[in-house]
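Please look at the chain shown below and read the report alongside it, pausing to find each part in the picture.

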Amino acid sequence: MTGTEDDYLHEAEIYDVLWADLNSFDLPFLLTQAKEFGGPLLEIGCGTGRVLLPCMAHVDRAVGVDRSPSMLAQGRVNLSESGVPEERVGLVEGDLRDFDLGERFNVVLAGGQTMFHLETDEDWLAALATIRRHMLPGARFVAGVPVFQEADFTNYHNRQLFVDEIRHPRTGRRIALWDYSTFDFEKQSITRRRVSEILDEQGLVLERRHDIRRNIYRFPPEIRALLEQAGFRIEHEYGDYERTPYAPESEDFVWVATASE
Ligand SMILES: C[S@@+](CC[C@H](N)C(=O)[O-])C[C@H]1O[C@@H](n2cnc3c(N)ncnc32)[C@H](O)[C@@H]1O
């Protein structure tokens with residue numbers, strides 16, 4: 001994890017605009033999982049509720065856990081604007097390696113690469129044990145992460161890439177975003193320097209900030225081993241969010257797991 005207390009502080013308000021494309025990427029699949037397995041539903045690392053809130057069309061009750069107060073604050077704004085009765089949704093501040101909600105769920109989701117925020121095997125195993133404790137008998141744990149291929153390392157390593165220009169949803173100000181990413185192949189870490197520039201209408205940079213985030217990426221064999229060690233059985237493995245079977249050249253690793261007996 002990065003050292004800061006809330007490493008989404010400067011992203012929370014713009015997250016939903018910046019990552020709107022994800023809604024056509026992973027969301028349809030995650031919604032079908034919510035529909036198939038039903039509530040109550042838990043999302044770990046729920047952030048702004050990008051996944052959790054649309055799931056409310058299929059489940060009566062859901063809880064989202066996240067350690068970022070700013071993401072949860074945005075999630076509460078989104079909840080109140082969603083029209084979903086607030087008593088049906090819990091948004092709880094907690095660390096996914098160690099939380100206790102005192103209830104169990106039929107489906108646990110981890111959307112948006114949340115698992116890559118876990119650094120060590122111990123972090124993964126602690127998170128997986130916490131997830132297991134919150135699962136009802138027969139419940140499913142559904143998550144996905146990208147699989148880095150050689151081309152990704154070549155295309156993204158040590159390059160500054162333009163991400164997007166957006167309007168801040170609250171202030172209306174122009175923001176241009178750039179990423180400079182470096183991979184450490186030994187540590188399997190990707191360190192992303194996100195440069196955000198606030199522009200005036202003529203394009204003059206009024207403010208520039210740099211935020212650094214480090215994620216630890218994992219390859220499918222490691223994830224399979226961690227899941228097995230934590231007492232999960234993988235029921236389905238997909239190579240994308242359209243249920244294409246996983247193959248070594250797949251760009252994503254998506255799994256549906258149950259707790260083994
Ligand atoms: C990339 S965002 C994904 C948000 C949401 N799931 C989505 O798909 O839009 C990752 C989220 O995981 C949260 N997170 C990362 N590490 C965490 C931890 N150890 N405990 C709880 N939340 C964590 C972050 O605060 C952030 O909100």
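The report takes up the sheets, then the ligand and its surroundings, and then two residues in loops.

This is a predicted model, and every value given here was computed from it.

**The two sheets**

As background, the strands of a sheet are held in pairs by backbone hydrogen bonds, and the pairing can be parallel or antiparallel. One sheet in this model is open and consists of 7 strands, which follow one another in the order β3-β2-β1-β4-β5-β11-β10, with mixed pairing. At its edges lie β3 and β10, the latter covering residues 232–238, and each of these two strands has a pairing partner on one side only. If direction is ignored, neighbouring strands of this sheet are turned against each other by 20° on average. Towards the end of that order, β10 and strand β11 (residues 252–259) run antiparallel and are joined by 6 bridges; within this pair, Y238 has V254 in β11 as its bridge partner.

Another open sheet is built from 4 strands in the order β6-β7-β8-β9, and here the pairing is antiparallel. Its edge strands are β6 (159–167) and β9 (205–216), each of which pairs on one side only, and from one strand to the next the twist averages 20°. Strand β8, made of residues 189–199, pairs with β9 in the antiparallel sense over 11 bridges, and along this pairing R192 stands opposite R213 in β9. The hairpin formed by β8 and β9 has 5 residues between the strands, and in this hairpin G203 takes a positive phi near 95°.

**The ligand and its surroundings**

The ligand is surrounded by 20 residues, of which the closest are Y15, G45, R50, D66 and L96. Sorted by class, this shell contains 7 nonpolar, 8 polar and 5 charged residues. The table gives some distances between ligand atoms and protein atoms.

| Ligand atom | Protein partner | Distance |
|---|---|---|
| Oxygen | N or O atom in the side chain of D66 | 2.6 Å |
| Nitrogen | Backbone N or O atom of R67 | 3.2 Å |
| Nitrogen | Polar backbone atom of G111 | 3.1 Å |

The ligand taken alone exposes 590 Å², and the protein buries 97% of that area.

**Two residues in loops**

R50, already named as one of the residues closest to the ligand, is found in the loop between β1 (41–44) and α4 (52–55). Is R50 buried or exposed? Its relative accessibility is 9%, and because a residue under 20% is classed as buried, R50 counts as buried. The side chain of R50 also makes polar contacts with other side chains: one is with the side chain of N23, at 3.1 Å, and another is with the side chain of D26, at 2.9 Å.

E87 also belongs to a loop, namely the one between α5 (69–82) and β3 (89–93). With a relative accessibility of 66%, E87 lies over the 50% limit and therefore counts as exposed. Although E87 and R61 are 26 residues apart in sequence, the distance between them in space is 8.4 Å, taken from C-alpha to C-alpha. When you return to the picture, you may wish to find R50, which counts as buried, and then E87, which counts as exposed.

Notes: Residues are numbered from 1 along each chain as its sequence is written. This is a predicted model: local features need pLDDT of at least 70, side-chain atom pairs count only at pLDDT 80 or more; totals for chains, interfaces and linings use all residues. Side-chain values use heavy atoms; hydrogens and water are left out. Two strands pair if DSSP finds at least two bridges between them. Axes are lines fitted to C-alpha atoms, for helices over the stretch in contact, and angles run from 0 to 180 degrees between N-to-C directions. A residue is near a molecule or strand if one of its heavy atoms lies within 4 Å of it. A polar contact is a pair of N or O atoms within 3.5 Å; within protein, one must be able to donate a hydrogen and the other to accept it, and residues adjacent in sequence count only if both atoms are side-chain atoms. Accessible areas come from the Shrake-Rupley method with a 1.4 Å probe; for residues, only the protein chains shown count as cover. Ala, Val, Leu, Ile, Met, Phe, Trp, Tyr, Cys and Pro count as nonpolar, Asp, Glu, Lys and Arg as charged, and the others, Gly among them, as polar. Buried means under 20% relative accessible area, exposed over 50%, partly exposed in between (1.4 Å probe, protein chains only).
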